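Dear colleague,

I am passing on the structure we spoke about, together with some notes on what came out of looking through it. Please read them with the structure open beside you.

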Amino acid sequence: MRIVYLLEGTETWGGVKVVLAHANGLMRLGHQVLVLSKGPAPSWFPLKTAFRQVPAFTAEAIPSADYVIGTYWITVASAMEAKRGIPVHFCQGYEGDFYPEG
């Protein structure tokens with residue numbers, strides 16, 4: 001399977017670590033995994049999958065895949081709108097407490 005994760009940033013957070021560990025695990029199982037992030041490759045985590053930094057999660061930036069995984073509520077819309085694979089929300093907890101900045 002081809003799987004793309006949309007990761008808003010790569011700061012040192014438990015939620016980011018969970019996503020990266022999940023991506024590594026799926027790759028070890030034989031899946032083709034790509035992590036797309038607006039942040040740089042994490043130097044603090046031994047990521048084994050393909051990684052690409054992008055300025056935005058546009059349809060042009062997201063390659064075709066079987067699944068496109070939004071890893072935080074603000075990335076789910078991009079996963080859906082890109083129409084590059086089945087969109088999935090990787091929800092790690094109640095995200096309603098977080099509001100967009102602005």
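**The second helix**

In helix α2, which runs over residues 73-82, the buried residues are T75, V76, S78, A79 and A82. Viewed down the axis of α2, these buried residues fall within an arc of 165°, so they line one face of the helix. As general background, an α-helix has 3.6 residues a turn, so residues three or four places apart point the same way. Please keep in mind throughout that this is a predicted model.

What do the buried residues of α2 pack against? Their partners are β1, β4 (67-70) and β5 (86-89). Just after α2 comes K83, which takes a positive phi of about 55°.

**The first helix**

Helix α1 has 15 residues, which at 1.5 Å a residue should span 21 Å, and the C-alpha atoms at its ends are indeed 21 Å apart, in agreement with that expectation. Its buried residues are V16, V19, L20, A23, N24, G25 and L26, and the buried residues of α1 pack against β1 and β2. After α1 comes G30, where phi is again positive, at a value near 105°.

**The nonpolar cores**

The largest nonpolar core has 14 residues, and those touching the most other members are I3, Y5, L7, L20, V33 and V35. At least two residues of this core come from each of β1 (2-7), α1 (14-28) and β2 (32-37), with α1 giving the most, namely five residues. Apart from this core lies another, made up of 12 residues, including V4, L36, A61 and A82; A82 is also one of the buried residues of α2 described above.

Within the largest core, V35 may be a useful residue to look at in your viewer. Which residues is V35 in contact with, once its neighbours within four places in sequence are left aside? They are Y5, L7, L20, A23, L47, T49, A50, F51 and R52, and among them Y5, L7 and L20 are also named with V35 as touching the most other members of the core.

**Aromatic pairs**

There are three aromatic pairs in the structure. One of them is formed by Y72 and W73, whose ring centres are 6.2 Å apart and whose planes stand at 55° to each other, an arrangement that counts as tilted. Y72 is partly exposed, its relative accessible area being 26%, and W73 is likewise partly exposed, with a value of 31%.

With best wishes

Methods. Residues are numbered from 1 along each chain as its sequence is written. This is a predicted model: local features need pLDDT of at least 70, side-chain atom pairs count only at pLDDT 80 or more; totals for chains, interfaces and linings use all residues. Side-chain values use heavy atoms; hydrogens and water are left out. A nonpolar core is a set of buried Ala, Val, Leu, Ile, Met, Phe, Trp, Tyr and Cys residues joined through side-chain atoms within 4.5 Å. Buried means under 20% relative accessible area, exposed over 50%, partly exposed in between (1.4 Å probe, protein chains only). Helices (H or I, at least four residues) and strands (E, at least two) are DSSP runs, numbered from the N terminus. Contact means heavy atoms within 4.5 Å. The arc is that of the directions from the helix axis to the C-beta atoms. The expected span of a helix is 1.5 Å times one less than its number of residues. Rings of Phe, Tyr and Trp (its six-membered ring) pair if their centres lie within 6.5 Å; planes under 30 degrees apart count as stacked, over 60 as edge-to-face and the rest as tilted.
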